[in-house]
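Trainee: Could you take me slowly through a single part of this structure, the aromatic residues and how their rings are arranged? I would like to follow the reasoning at each step.

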Amino acid sequence: MLRRYELTDEEWLRIEPLLPPENTGKQGRPRKDNRIIMNGIVWLARSGAPWRDLPERYGSWKTVYSRFRKWIDDGILDNIFRILSLEAELEELSIDASIIQAHQR
């Protein structure tokens, strides 16, 4: 069941190959599924909520935050944004400058 702010299957198929493999070959507790982590990150970005308000279905906010920081530090999220922006259809792009004040106060 697709919930609010979560990636569709089509979106996930475009992102999944750009993420590191889930199975690192290390022993211990298995890593949390990349899709669950990415959905948690997207949920936070779209909702504007603080990390600690992340719904439990995404796991511990600390786990999601740790993976987010690792993906930032490793350049993985930058790479995803770069590749997806190259594929973007800019025909329907709209830029809104209504928050910019044009008059001197």
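**The aromatic pairs**

Mentor: The structure, which is a predicted model, holds 3 aromatic pairs. In one of them, the ring centres of Trp-51 and Tyr-65 lie 5.1 Å apart with the planes at 80°, and because planes over 60 degrees apart count as edge-to-face, this pair is given that description. The pair links distant parts of the chain, since Trp-51 sits in the loop between α2 and α3 whereas Tyr-65 belongs to helix α3, with their positions 14 residues apart in the numbering. As for their surroundings, Trp-51 has a relative accessibility of 24% and therefore counts as partly exposed, and Tyr-65, at 34%, counts as partly exposed as well.

Trp-51 also takes part in a pair with Phe-68, where the ring centres are 5.3 Å apart and the planes stand at 50°, so this pair is tilted. Here again the loop between α2 and α3, which holds Trp-51, is tied to helix α3, which holds Phe-68, so that parts 17 residues apart in sequence are brought together by the pair. Phe-68 has a relative accessibility of 21%, and because buried means under 20%, this residue counts as partly exposed. Taken as a group, Trp-51, Tyr-65 and Phe-68 form one aromatic cluster.

Helix α3, which carries Tyr-65 and Phe-68, is also the place where confidence is highest, at a mean pLDDT of 96, while the lowest value, a mean of 88, is found in α4. For the chain, the mean pLDDT is 85, and 76% of the residues reach 70 or more. Where pLDDT is low, the predicted coordinates should not be read in detail.

From α3 the picture can be carried on to α4, because the buried residues of α4 pack against α3 (61–73), and also against α1 (9–15) and α2 (34–47). The buried residues in α4 are Ile-76, Leu-77 and Ile-80. They cover an arc of only 95° around the axis, which puts them on the same side of α4. The face turned away from that buried side carries the exposed residues Asp-78 and Leu-86. The length of α4 can be checked too: at 1.5 Å a residue, its 12 residues (76–87) should span 16 Å, and because the end C-alpha atoms are 17 Å apart, the two values agree.

Definitions and conventions
Residues numbered from 1 in each chain as written. Predicted model: local features only at pLDDT ≥ 70, side-chain atom pairs only at ≥ 80, totals over all residues. Heavy atoms only, no water. Helix = DSSP H or I, 4+ residues; strand = E, 2+ residues; numbered from the N terminus. Expected span 1.5 Å × (residues − 1). Buried < 20%, exposed > 50% of the residue type's maximum accessible area, 1.4 Å probe, protein only. Arc of directions from axis to C-beta. Contact = heavy atoms within 4.5 Å. pLDDT = per-residue confidence, 0-100. Phe/Tyr/Trp six-rings, centres within 6.5 Å; stacked < 30°, edge-to-face > 60°.
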